[in-house]
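Let's take a walk through this one together, sheet by sheet and then inward. Have the viewer open and rotate along as you read.

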Amino acid sequence: MALEEAVHQEITDTIQSNDVVLFMKGNRRSPQCGFSATVVGILDSMLQDYHTVDVLSAPQIRDGIKEFSSWPTIPQLYVKGEFIGGCDIIQEMMGSGELYESLGLEPVEVVQPNIEVSESAAGALTQAAAEHGGGGRELHLSVDATFQAHLSIAPRTAADVEAIVTGGGAGLVLLLDPMSAGRADGITIDVSDTPNGQAFKVDNPNAPRVQQMSVRDLDAAIKSGESMELLDIRTPEERAIAAIPGAVLLNETEAARIEGLPRDTRLVLHCHHGGRSQQAAEQFVSLGFTQVFNVVGGIDAWSQEIDPEVPRY
Amino acid sequence: MALQIINAGPPPEEIAEQVRTAIAATLPNATIEVRPQGPGHFEITVIDVAFEGLNRVKQQQLVYGAITELMAGPTPPVHAVDKLECRVP
C-alpha cells in the first residue's frame with residue numbers, strides 16, 4: 001500500500017516548514033487523547049510556539065503519517081524534519097534531559113528554586129506522598145510555559161531538581177524538572193478553603209501579569225507607530241457608537257488569529273471602562289502571552305482625555 | 001439488539017505468526033518473539049545485530065516498518081503493540 005504522493009508531499013512540506021511539529025489527536029488547547037495531552041503538556045513546558053496537526057480532522061494524514069514514519073501510533077513529534085518519537089519516548093527524553101537538546105534549547109542551567117511551603121500545606125503534601133508515593137514515587141511540582149503550577153506524585157528522574165523548601169514545610173522533599181525549576185523561584189504553597197473543600201494555593205511571583213496602560217501612553221504608542229495588537233473587546237453594538245482608531249474588534253476569527261501569534265507579541269486591550277478588558281487580558285496571559293496590557297478607564301477615558309470627538313455613552 | 005461479534009478474525013496465534021514472518025522478511029537474522037496479549041494486542045521482542053549503533057527509535061522504526069500492513073486500515077489484525085523490545089544480542 002504505497003503512501004499517496006500528495007499526502008507524502010503534504011507531510012514533507014509540514015515538517016520542513018516548521019521546526020517543531022506534533023502530529024496529534026485534537027489540538028494544543030484541547031487534546032483528544034491522553035497520550036497527545038501528555039506530549040502537549042511536556043512541549044508547553046518548554047516551548048512557547050510549535051506547530052500541531054490534528055490527525056482526527058485529516059484522516060489521510062492519520063494513516064499517512066504512520067506509514068511515513070514507520071511508526072504505528074499517534075502522537076508523533078518531528079523536530080527540524082527528523083522523527084523524534086511518540087509519547088513514551090518523549091517522556092523518557094524529558095526525564096533524561098535529552099529533549100532540551102533535541103528541541104535546540106539552551107541547556108537549562110540547573111537552579112535550586114526557593115519555595116516556601118506553609119505548615120498546613122506541608123502536612124497535606126506529606127500525607128498525599130505517604131498515601132500515593134513509595135516505590136521511588138515522590139512529590140513533584142511543575143510550572144508550565146504559561147506559569148500554571150501542577151502538583152503530582154511521580155517517579156524521580158535523573159534530571160529532577162530538589163527545591164530548597166522554607167517555611168513550616170522545611171525539610172519536605174519537592175522535585176521539579178529543570179524547566180519548571182527555572183520558573184519556580186520564590187513560589188509559595190499554602191492551603192486555602194474553596195467552595196469544593198480545601199485546595200492548594202500556589203503563588204508564583206515569576207508569572208507574567210496583566211500590565212496597566214494609561215490612555216496617554218496608548219496615544220503616544222499609537223503616534224510613534226509602536227508595534228502592538230490593539231484589541232477592542234466590547235460588543236459590535238458598542239463599537240458602532242464609538243471606537244478608538246486602529247482598534248480591532250476581538251471576535252472569534254480575530255481571537256483565533258491572535259492565539260496563533262508569537263507569545264511575546266504586545267497585546268493592548270480596551271473596553272468601555274477597563275473591567276471587561278482586564279478579564280480578557282488575564283485570559284491571554286493564561287494562554288502564555290507575556291506582554292499584555294489593559295487600557296485603564298477604557299474608551300471612556302480616551303474620550304475624556306485624548307479625543308473628545310469619540311462620543312461618550 | 002443483535003450481538004456484536006468482536007475480533008472475529010483469525011486466532012491470535014495465527015496473527016502472531018504473520019507478525020513473525022513479516023519481521024523476518026525485513027530482518028532475516030533476527031531472533032523474534034511475538035506474544036499475543038489480548039485480542040489484537042501483542043508484545044514483541046526482536047534481537048538482531050542489525051540494531052547495533054541505532055538509537056531506540058530507529059530500531060523500533062525498523063520493526064514497525066516491517067509490520068505496517070498488519071497495522072493499517074480500520075480493522076487491522078494488529079491493533080496495538082503493547083511493548084516492543086529491540087536488543088542487540
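In what order do the four strands of the open sheet that includes strand 5 of chain A line up? Keep in mind that this is a predicted model. The order is 9-5-11-12 in chain A, and the pairing is mixed. Strand 9 (164-166) and strand 12 (197-203) of chain A sit at the edges, each with a single partner strand, so one side of each has no neighbour in the sheet. On average, neighbouring strands here are turned by 30° against each other, direction ignored.

Zoom in on one pair from that sheet. Strand 5 (residues 114-117) of chain A runs parallel to strand 9 of chain A, and three bridges hold the pairing. If you want a spot to click on, take Glu116(A): its bridge partner in strand 9 of chain A is Thr166(A). Now add helix 6 (residues 119-132) of chain A, which lies across strand 5, strand 11 (187-194) and strand 12 of chain A. Against strand 11 of chain A, helix 6 runs at about 85°.

Next, look at another open sheet in chain A, which has four strands in the order 2-1-3-4, again with mixed pairing. Its edge strands are strand 2 (51-54) and strand 4 of chain A, and each of them pairs on one side only. From one strand to the next, the twist averages 25°. Strand 1 and strand 3 of chain A pair in the antiparallel sense, over four bridges. Phe23(A) is a handy marker, with Gln76(A) in strand 3 of chain A as its bridge partner.

Phe23(A) also turns up in the largest nonpolar core, which has 27 residues. Along with Phe23(A), the residues with the most contacts inside that core are Val21(A), Leu22(A), Met24(A), Val39(A), Val55(A) and Ile90(A). Which elements give two or more residues to this core? They are helix 1 (5-17), strand 1 (20-24), helix 2 (34-46), helix 3 (59-69), strand 3 (76-79) and helix 4 (87-96) of chain A. Val55(A) shows how things connect: beyond its neighbours within four places in sequence, Val55(A) is in contact with Phe23(A), Met24(A), Lys25(A), Ile61(A), Arg62(A), Ile65(A) and Ile74(A). As a general point, nonpolar side chains tend to be buried together in soluble globular proteins.

Helix 3 of chain A deserves its own stop. Its buried residues are Ile61(A), Gly64(A), Ile65(A), Lys66(A), Glu67(A), Phe68(A) and Ser69(A). Those buried residues pack against helix 1 and strands 1, 2, 3 and 4 of chain A, together with helix 3 (68-71) of chain B. Just after helix 3 of chain A comes Ser70(A), with a positive phi near 50°.

That brings us to the other chain. The contact takes nine residues from chain A and ten from chain B. On the side of chain A that touches chain B, helix 3 and strand 4 (82-85) of chain A each give two or more residues. By class, that side has five nonpolar, two polar and two charged residues.

Finally, step back to the whole chains. Chain A has twelve helices and 17 strands, and 32% of its 313 residues are buried. Chain B has three helices and three strands, which run α-β-β-α-α-β from the N terminus on. Of the 89 residues in chain B, 30% count as buried.

Technical notes
Residues numbered from 1 in each chain as written. Chains lettered and ligands numbered in written order. Predicted model: local features only at pLDDT ≥ 70, side-chain atom pairs only at ≥ 80, totals over all residues. Core = buried A, V, L, I, M, F, W, Y, C linked by C-beta atoms within 7 Å. Buried ≥ 20, exposed ≤ 12 C-beta atoms within 10 Å, placed from the backbone. Contact = placed C-beta atoms within 7 Å. Nonpolar A, V, L, I, M, F, W, Y, C, P; charged D, E, K, R; others polar. Pairing = 2+ DSSP bridges. Axes fitted to C-alpha atoms, helices over the stretch in contact; angles between N-to-C directions.
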